[in-house]
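Hi everyone, thanks for coming. Let me put the structure up, and then we'll talk about helix packing and aromatic rings.

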Amino acid sequence: MVGMEEEEEEEQRRPPVSPFGVYFNSSSISLAVLAVLEIEEPINIPHSRLVFLLDTLLLRVHPRFSSVIVTGKDGEQRWKRVEVNLKDHIKTAVFPENRSPEYYEERFSGYLSEISAELFLGNRPLWEIHFVKYPTTNAAGNVVFKIHHAIGDGYSLMAALLSCFKRSDDPSLPLTFPDIRIRRSGDAGGGKKAAVARALASAFNTVSDLWTSFSKTKLLADDLSPVRSGETGVGFRPISAATMAFSLDQIKQIKSKLGMTVNDVVTGTVFLGTRMYMKEMEPGSEDAETTSIVVLNTRMLRSYNSVHDMMMSKATESPWGNHFAFLHVGLPKLESTMARRSLEFLKATQKVIQKKRSSVAVHLNGGLIQLYRKLRGSEVRTSLLFIYLFIGVFYCLGGNKITCFFFF
């Protein structure tokens, strides 16, 4: 009897899996983050050295990297610490030798497609590191981190990566970054009339976004097009990965000329590429009603937070975990003039994004999702949340370029 009580107490001490962690680890979906590091020099690190680095750095960053998800007697999913065999988490790609960089570029894209479709084993911590030691057109080698989204979002995972680095001037000090000053809506100026106008616009955009999210999920469907076949089960088919590099200097030039942010330019470029793809595959479809599901960060970022600070959730505005929400964003239609002048399409995209920025629907959506989970359960809610197949896009900054990874 005492043993059962101790076991129950131990189970209750295990940290619960966050709502988003439950969402992303269900029978309906298993979502992972793929991060690619392009290495300038050939990868020759000994296996024993790699195991030592992972043991002394990654596993000590956060308990999630040495934990598995278990379901308790009460039906609650919790994190359980386990012994980690690092050899099970280190993968090395094997391709034919002495081929061209173009050949390895194609094989690398195929490799990304393969590992993105593979599920994690439930008896191991939910992460892997893949080494591709073959030269592609962009790098001498690639390191791929595959981490289950239940462990954390992009901000959390970047904090974990940065915590492994030290300052070059004084390795005894932690890595630091300048504070980011956030411009509040109240700082925009214009007096009381302008503030009232902004408040009314925010309220209108919020109601509009909530209605769009509801109607697109339950009532209205996008037009059939090359990016939406309408076929049942299309979300469970194999995916294909492709990469494209853009000059960061050119993106900054566009940003300065149009008064945009880097995110505005990148988002507009992705939307424009999608519309041009639709036009190429099926002329006329570039004007089809098309909606993307965009993942938006809900953190109020002031500065970089270390993993230690993020784990002290009461002492920071950016605690560890998944802090984002989903919002439906309609793609601007590709008018004939826009096809010839791409900057006009970017301006149209910026107008859409600005309306989303003045809306608080993304925060309300996050709360509604959690309320829905409590009322209906994670499995039902997950199947509704991911009812649409969408093109997932993420990008990373490096040097003087931006590399976009597209998964179809």
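First, a bit of vocabulary: angles under 35 degrees count as roughly parallel, over 145 as roughly antiparallel, 65 to 115 as roughly perpendicular and the rest as oblique. Residues are numbered from 1 along each chain as its sequence is written. This is a predicted model, where local features need pLDDT of at least 70, side-chain atom pairs count only at pLDDT 80 or more, and totals for chains, interfaces and linings use all residues, while side-chain values use heavy atoms and leave out hydrogens and water.

So, how do α7 and α11 cross? The axes of helix α7 (residues 248-258) and helix α11 (residues 342-357) come within 12 Å and cross at roughly 65°. The two helices are therefore roughly perpendicular to each other. On the α7 side, Ile-254, Lys-257 and Leu-258 make the contact (heavy atoms within 4.5 Å); α11 brings Leu-343, Leu-346, Lys-347 and Gln-350.

Now the rings. Centres within 6.5 Å make a pair, with planes under 30 degrees apart counted as stacked, over 60 as edge-to-face and the rest as tilted. There are 6 aromatic pairs in the structure. Phe-95 and Tyr-104 are stacked, because their centres are 6.4 Å apart and their planes at 20°. Tyr-104 also stacks with Tyr-134, with centres 4.9 Å apart and planes at 25°. Tyr-104 is buried at 3% relative accessibility (buried means under 20% relative accessible area, exposed over 50%, partly exposed in between, with a 1.4 Å probe and protein chains only). Phe-95 is buried at 7%, and Tyr-134 is buried at 9%. Ring pairs link Phe-95, Tyr-103, Tyr-104, Tyr-111 and Tyr-134 into a cluster.

Definitions and conventions. Axes are lines fitted to C-alpha atoms, for helices over the stretch in contact, and angles run from 0 to 180 degrees between N-to-C directions. Helices (H or I, at least four residues) and strands (E, at least two) are DSSP runs, numbered from the N terminus.
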